[in-house]
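Trainee: Could you take a close look at one part of this model, the charged side chains that pair up, and then go on to whatever lies around them? Please give the reasoning at each step.

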Amino acid sequence: MIDNKTVKTLVEEWLKDNDYFLVDVNMTPDDRIIVEIDHADGVWIEDCADLSRFLQEKLGEQLDDYELEVGSAGIGQPFKVAEQYKNHIGKEVEVLDKQGKKIQGLLKSVDGDTFVVTVKEKQKVEGKKRPVLVDVDHQYDMNNIKYTKYLLSFK
């Protein structure tokens with residue numbers, strides 16, 4: 001019987017010789033093992049195939065009862081690990097907090113489990129008749145939000 005911990009340990013073994021990082025290992029009730037990896041420069045199909053072969057070799061006949069799926073973390077999907085935040089510094093993201101407030105802005109920085117998103121907001125400025133757009137930093141804790149995801153832009 002294969003468990004989540006065993007798969008994670010094997011994936012981590014493969015990752016130590018590569019620049020990839022583990023995003024998630026999910027074992028579904030219908031006996032599918034889904035491994036998600038990521039890389040700062042994107043994920044190559046050849047590397048997914050290499051990891052898949054590595055897992056098949058290490059797990060051997062135990063894997064016969066399972067369907068193995070190795071791929072990249074989906075673009076536009078919510079971030080699951082801190083490395084994904086770090087890879088998207090300087091890019092547009094969307095954050096939905098626990099209160100249901102959604103913001104879109106530039107991911108400015110990441111420090112441990114906290115991150116800062118800069119948002120353009122209208123504010124009243126002394127000496128101006130109308131509100132003007134100013135950059136406002138919003139700090140979040142990764143554990144106290146519903147999601148953060150990368151915003152695709154086709155500009």
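Mentor: D24 has a relative accessible area of 24%, and since buried means under 20% and exposed over 50%, D24 counts as partly exposed. Keep in mind that this is a predicted model. The partner of D24 is K80: the two form a salt bridge in which the closest N and O atoms are 3.3 Å apart. D24 belongs to strand β1, residues 21-27, whereas K80 sits in the loop between β3 and α3, so this salt bridge ties together parts that are 56 residues apart in sequence. K80 reaches 47% relative accessibility, which again lies between the two limits, so K80 is partly exposed as well. The pair does not stand alone, as D24, E36 and K80 are linked in a network of salt bridges.

How many salt bridges are there in the structure? The count comes to six. Two further examples follow. E69 and R32 form one of them, with 2.9 Å between the closest N and O atoms. This pair links distant parts of the chain, since E69 is in strand β3 and R32 is in strand β2 (residues 32-38), 37 residues apart. The relative accessible area of E69 is 34%, so E69 is partly exposed. R32, at 23%, is also above the 20% limit and therefore partly exposed.

The other example joins D137 and K108, whose side chains meet in a salt bridge at 2.7 Å, N to O. Here too distant parts of the chain are linked: D137 lies in strand β7 (residues 132-141) and K108 in strand β5 (residues 102-111), 29 residues apart. D137 has a relative accessible area of 41% and is partly exposed, and K108 is partly exposed at 46%.

Some charged residues belong to a patch instead. D30, D31, E61, D64, D65 and E67 form a negative surface patch. Take E67 as a member to examine. E67 lies in strand β3, which covers residues 67-72. With 46% relative accessibility, E67 falls between the limits of 20% and 50%, so E67 is partly exposed.

Now return to strand β1, where L22 is also found. L22 has 13% relative accessibility; this is under 20%, so L22 counts as buried. L22 and I37 are 15 residues apart in sequence, and their C-alpha atoms are 4.7 Å apart in space.

Next come the aromatic rings. A pair of aromatic rings is described by the distance of the centres and the angle of the planes. The structure holds four aromatic pairs. In the pair of F79 and Y85, the ring centres are 4.9 Å apart and the planes stand at 75 degrees; this angle is over 60 degrees, so the pair is edge-to-face. F79 is buried, because its relative accessibility is 10%. Y85 is buried too, at a relative accessible area of 3%.

Y85 has another partner, F115, and this pair is tilted: the centres are 4.8 Å apart and the planes make an angle of 45 degrees. The pair links distant parts of the chain, with Y85 in helix α3 (residues 82-87) and F115 in strand β6 (residues 114-123), 30 residues apart. Is F115 buried or exposed? F115 has a relative accessible area of 0%, so F115 is buried. Taken together, F79, Y85, F115 and Y140 form one aromatic cluster.

For contrast with these pairs, look at where Y85 stands relative to E126. The two residues are 41 residues apart along the chain, and 36 Å separates their C-alpha atoms.

To recap, the salt bridge of D24 and K80 has its closest N and O atoms 3.3 Å apart, and D24, E36 and K80 make up a network. The aromatic rings of F79, Y85, F115 and Y140 make up a cluster.

Methods. Residues numbered from 1 in each chain as written. Predicted model: local features only at pLDDT ≥ 70, side-chain atom pairs only at ≥ 80, totals over all residues. Heavy atoms only, no water. Phe/Tyr/Trp six-rings, centres within 6.5 Å; stacked < 30°, edge-to-face > 60°. Buried < 20%, exposed > 50% of the residue type's maximum accessible area, 1.4 Å probe, protein only. Helix = DSSP H or I, 4+ residues; strand = E, 2+ residues; numbered from the N terminus. Patch = residues over 30% accessible without salt bridge, like charges linked within 9 Å, V, L, I, M, F, W, Y side chains within 5 Å. Areas by Shrake-Rupley, 256 points an atom, 1.4 Å probe, with all protein chains shown as cover. Salt bridge = Lys/Arg side-chain N within 4 Å of Asp/Glu carboxyl O. Lys, Arg positive; Asp, Glu negative; His and termini not counted. Charge placed at Lys NZ, Arg CZ, Asp CG, Glu CD.
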